[in-house]
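Reader: Could you walk me through the reasoning behind the labels used for this model? I would like to see each one set against its cut-off.

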Amino acid sequence: MKLYLFEAGVLRSYKHFFTFAVDVGKEFNVPVPFLLIDHPRGKVLFDTGNALEVVDHKKEHWGGILAAYDPVMSKEQWCVNAVRSIGIQPEDIRYVILSHLHLDHAGGVGHFPNAKYIVQKDEIHYAYTPDSFMRGAYIRKDFDKPVDWFFLHGWEDDGFDLFGDGSLVVCFTPGHTPGHQSLLVNLPKTGKLFFAADSCYTDENLENNILPGLAWNFGDCERTLQKIRRLRDDLGVKIVAGHDPSSWKQYKQAPGFYE
Ligand SMILES: [Zn+2]
């Protein structure tokens, strides 16, 4: 089993969108991570980064939200091309697990023809009918596609073990959005890595109990951060924040890998 980390470019943004009411107006550029896990029983993506359209037509594709999050991505960094760069074809992907359906995570939906797309049922409902303050972050044309969806159902499916061997466990982490989920990757040599995605944007959210600047439900965000802290402190799991420009740099990028 191998774990590859990719970066679908960066978002040029502002700090307070990631740390609520902290460093208001300060420029803050964040990575857009996604993962590929090459497991003996199938290749799996966790998230897909931005859509290819942001390379040449970001204004048409993302609209007004560009003022808050401005994507800078090359064609080579788009998930399909990034995966090809390590010799894997989009047809080879068996599962795409989506943390949630925001624009910097769901940009590759529909480009992996043989994949099942694992998403929370509540997430897809909300993505079609978001609150006004969340509307800009969901690009319907990114996810409104006839793919093979595989739905998980909140707490009932918390701890969903994809291959039944404990190597890839999907954890329900609501708050940022109603159907947010994170991925626990248990590697034989490296150990346990918890890819929080946007349930923990940066290390600062976790360390200083700072809520995210964009959230569906702050109470759920706080409970989810508590749960992540318990994974770290009680079970010794390494937490990988979803958009932390400093800690992300410490990790090997593809073609390097973890095993
Ligand atoms: Zn994000």
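**Labels and their cut-offs**

Author: Gladly, and D198 is a good start: it is buried, with a relative accessible area of 2%. This is a predicted model, where local features need pLDDT of at least 70, side-chain atom pairs count only at pLDDT 80 or more, and totals for chains, interfaces and linings use all residues. Residues are numbered from 1 along each chain as its sequence is written, and side-chain values use heavy atoms, with hydrogens and water left out.

Reader: Why does H105 count as buried?

Author: Buried means under 20% relative accessible area, exposed over 50% and partly exposed in between (1.4 Å probe, protein chains only). H105 has 1% relative accessibility, so it counts as buried.

Reader: What makes D104, H105, D198 and H243 the residues that coordinate the zinc ion?

Author: Donors are N, O and S atoms within 2.8 Å of the metal (3.2 Å for Na, K and Ca); water is not among the atoms, so sites may look incomplete. D104 (OD), H105 (NE2), D198 (OD) and H243 (NE2) coordinate the zinc ion at 2.1 to 2.2 Å.

Reader: Why is the site of the zinc ion called irregular?

Author: Four donors count as tetrahedral if all angles lie between 85 and 135 degrees; four count as square planar and six as octahedral if opposite donors are over 155 degrees apart and all others between 65 and 115; anything else is irregular. The angles among the four donor atoms run from 83 to 163 degrees, and the site is irregular.

Reader: Which residues does W62 contact, beyond its neighbours within four places in sequence?

Author: Contact means heavy atoms within 4.5 Å. Among the partners of W62 are L11, Y69, D104 and I139.
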